[in-house]
Amino acid sequence: MERKVIEDVVFNVVDEANRFFAESGIDVRLLYIGQLHLEPGYLISLNTPEGTLRVYPLEAIIDVLHARLLGEIERGSNMKMNKIFALTTFPLVSRNPYFDFYERFLGIQETRLGLRIMVLSMKPFEPPGLTSLLNGNKGSREDAKKHLRLFKDRVLKGLLHEIGHGFGLGHCTNECVMNPPDSIEEWDSRPVGYCHSCFIDLKRAVEWSELSLGEGEREQG
Ligand SMILES: [Zn+2]
Ligand SMILES: [Zn+2]
């Protein structure tokens with residue numbers, strides 16, 4: 001996909017997530033800190049049924065994100081930061097051969113000394129043929145718009161899902177972004193938001209984490 005389209009999707013989804021949190025009275029905000037550049041040295045070869053892929057392993061991405069978050073915290077900001085979230089355009093793979101990346105619609109998280117690192121691939125959410133639709137090679141402009149909207153909604157729900165986990169929420173079985181899908185169609189049927197019970201849990205967890213973040217700062221003096 002073209003960089004312009006990816007940027008449009010990312011900016012839009014970040015904006016919409018921030019609006020969602022603001023309107024819901026949840027004190028979580030995403031701060032866009034830019035694109036991440038990975039060194040080609042991190043690339044690994046992965047054998048898949050469709051041939052050999054050259055990919056960035058999750059382990060390397062997590063290391064880079066962790067370093068980036070530490071750098072951001074050091075630079076200081078008027079926002080309390082203890083989480084970093086990356087959206088990737090490539091599928092998530094691991095050096096671990098049992099990592100099931102074809103099945104994976106949702107993200108990966110790791111906690112290092114209280115810092116949360118979250119990674120979500122946009123790849124499985126991309127509607128087939130989106131690029132040719134956007135380039136006007138097939139379908140109408142309306143079709144292109146509809147597919148782009150679908151793509152953004154899928155990514156936005158993925159983001160809300162991962163943020164839920166980032167604040168300790170587990171999966172649920174309600175009409176809710178915390179209900180993980182078995183198929184992309186199922187994901188499309190989920191509402192953009194949390195069920196009542198997950199919403200309350202998230203709100204509490206965010207309030208609690210603000211308190212504990214405050215304490216952490218005092219400890220550091
Ligand atoms: Zn999940
Ligand atoms: Zn729920």
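Helix 1 and helix 4 are oblique to each other, and I should say at once that this is a predicted model. The axes of helix 1, residues 3-24, and helix 4, residues 141-166, come within 9 Å and cross at roughly 50°, and that crossing is right-handed. On the helix 1 side the contact includes Val-5, Val-9, Val-13, Phe-20 and Phe-21, together with Asp-8 and Glu-16, while helix 4 contributes, among others, Leu-148, Phe-151, Val-155, Leu-159 and Ile-163, as well as Arg-149 and Lys-152. Sorted by character, the residues of this contact divide into 13 nonpolar, one polar and four charged.

Let me turn now to the metal site. Which residues are the protein donors of the zinc ion, ligand 2? They are Cys-172, Cys-176, Cys-195 and Cys-198, each through SG, lying 2.3 Å from the ion. The angles among the four donor atoms run from 103 to 117°, and the site is tetrahedral. Along the chain, the donors follow the spacing C-x3-C-x18-C-x2-C. Distant parts of the chain are linked here, since Cys-172 sits in the loop between helix 4 and helix 5 (184-189), whereas Cys-198 belongs to helix 6 (residues 196-220), 26 residues apart.

Terms used
Residues numbered from 1 in each chain as written. Chains lettered and ligands numbered in written order. Predicted model: local features only at pLDDT ≥ 70, side-chain atom pairs only at ≥ 80, totals over all residues. Heavy atoms only, no water. Axes fitted to C-alpha atoms, helices over the stretch in contact; angles between N-to-C directions. Helix = DSSP H or I, 4+ residues; strand = E, 2+ residues; numbered from the N terminus. Parallel < 35°, antiparallel > 145°, perpendicular 65-115°, else oblique. Left-handed = near helix turned anticlockwise from the far one by under 90°. Contact = heavy atoms within 4.5 Å. Nonpolar A, V, L, I, M, F, W, Y, C, P; charged D, E, K, R; others polar. Donors = N, O, S within 2.8 Å, 3.2 Å for Na, K, Ca; no water. Tetrahedral: all angles 85-135°; square planar, octahedral: opposite > 155°, others 65-115°.
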